[in-house]
Amino acid sequence: MGESSGKTNVMVDRNAPLWDGRVDGTEAAHLRWHQHIELGANGPLDGSVALLGFASDAGVARNKGRIGAAEGPLALRKALAPMAIHEQRKLVDLGDIVVVGDELEQGQARLAMAVEAALSGGSLPIILGGGHETAYGTGSGIYHFYDQDPEIKVGILNLDAHFDLRQEDRRSSGTPFLNLAENLQNSGRGFYYAVLGISEPNNTKVLFNAADSLGVKYLLDEDCDEQRAQKFVADFLESIDVLYLTIDLDVLPASVAPGVSAPAGLGVPMQIITQVCRQVAASGKLKVADIVELNPKYDVDSRTARSAARLIYTLATTGSTITN
């Protein structure tokens with residue numbers, strides 16, 4: 001694939017919740033996201049930022065984590081709604097894909113099709129998770145999109161305290177990147193995967209061995225100063241053609257992101273993670289992103305949701321032309 005059709009029709013379970021918030025005026029200089037965003041894919045998506053929710057707890061439940069990430073998309077929209085508009089870039093909300101009970105595989109398949117359709121429409125899809133099982137659907141979508149261009153190197157940059165390379169009988173929030181790697185091995189495509197923010201105490205030796213065997217590049221959380229983080233990302237971007245960015249909010253310190261399945265004991269400072277988001281968005285290689293593991297049930301004063309919204313804002317407002 002790789003060619004834009006200019007429009008798309010993404011099938012989801014329900015319309016997005018209504019966006020609401022403060023209104024200072026209706027002129028361009030007054031606008032906030034809730035006044036500017038369009039609901040549904042009723043027209044061309046070319047050049048737009050397209051939000052799509054993936055309301056799922058199934059992967060976290062299978063991974064024995066804290067349930068509640070299914071409410072993440074709603075909380076993220078509430079946090080994004082009052083943000084100011086400084087550029088008139090088109091914003092579209094495509095609604096939610098809802099995973100019912102344990103029907104994870106069906107939900108991931110639908111997410112993959114929705115991501116592929118949004119890419120075909122010429123947008124920058126940003127997926128609002130959901131647990132990190134979201135990544136299998138997002139990743140499958142971008143790989144499918146580039147199926148007819150096998151020479152294109154699709155890279156995954158994961159901002160995360162964990163590798164998520166667990167070997168399990170079923171997909172979960174701990175397995176998505178191993179699952180994707182296995183799919184790519186079967187198809188003959190290369191697996192280009194880098195993780196920034198790895199917590200050594202929270203990843204077993206087996207997981208480090210798995211990362212090494214797959215050629216995964218990683219930077220430990222304690223090594224994530226501004227200079228090393230920037231170089232790590234720049235080197236990875238240089239090695240690939242297009243990028244899928246996935247942000248697990250447990251990469252942030254627990255003081256900034258308490259509302260996650262596994263709060264960080266150390267974490268990477270918010271300033272560094274924001275810098276990385278700005279760096280990849282400005283590179284011109286970012287094609288899709290997701291932000292996952294927000295658990296509103298355990299959030300404090302919407303602290304995690306606000307931090308996540310700031311990162312989404314950075315991705316949506318940095319850079320300009322979207323090309324597929």
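K64 lies in the loop that runs between α2 (58-62) and α3 (72-80). The model is a predicted one. In it, K64 has a positive phi of about 60°, although K64 is not a glycine. Most residues other than glycine have a negative phi. K64 counts as exposed, because its relative accessibility is 76% and the cut-off for exposed is over 50%.

E293 also departs from that rule. Its phi is near 75°, a positive value in a residue other than glycine. E293 is placed in the loop between β9 (286-292) and α10 (303-317). Its surroundings can be set against those of K64. E293 is buried, with a relative accessible area of 6%, whereas K64 is exposed at 76%. The limit for buried is under 20%, so E293 falls within that class.

A further backbone feature concerns a peptide bond. Most peptide bonds are trans. The bond joining G129 and G130, however, is cis. Its omega is about 20°. G130 lies in the loop between β4 (124-129) and α5 (134-145).

The helix that follows this loop, α5, packs with helix α6 (residues 176-187). Their axes are 9 Å apart and meet at an angle of about 30°. Angles under 35 degrees count as roughly parallel, and α5 and α6 are therefore roughly parallel to each other. The crossing of α5 past α6 is right-handed. On the α5 side, the contact is made by A135, Y136, G139, S140 and Y143. On the α6 side, P176, F177, N179, L180, N183 and L184 take part. By class, this contact has 7 nonpolar and 4 polar residues. No charged residues belong to the contact of α5 with α6.

Confidence was examined along the chain. The protein chain averages a pLDDT of 91. Of the residues, 93% score at least 70. Over residues 1-16, the pLDDT is below 50. This stretch has 53 contacts in the model beyond near neighbours in sequence. Residues 320-324 also have a pLDDT below 50. Here the model has 14 contacts beyond near neighbours in sequence. Where pLDDT is low, the predicted coordinates should not be read in detail. That caution applies to the contacts of residues 1-16 and to those of residues 320-324.

How values were computed:
Residues numbered from 1 in each chain as written. Predicted model: local features only at pLDDT ≥ 70, side-chain atom pairs only at ≥ 80, totals over all residues. Heavy atoms only, no water. pLDDT = per-residue confidence, 0-100. Contact = heavy atoms within 4.5 Å. Helix = DSSP H or I, 4+ residues; strand = E, 2+ residues; numbered from the N terminus. Buried < 20%, exposed > 50% of the residue type's maximum accessible area, 1.4 Å probe, protein only. Axes fitted to C-alpha atoms, helices over the stretch in contact; angles between N-to-C directions. Parallel < 35°, antiparallel > 145°, perpendicular 65-115°, else oblique. Left-handed = near helix turned anticlockwise from the far one by under 90°. Nonpolar A, V, L, I, M, F, W, Y, C, P; charged D, E, K, R; others polar.
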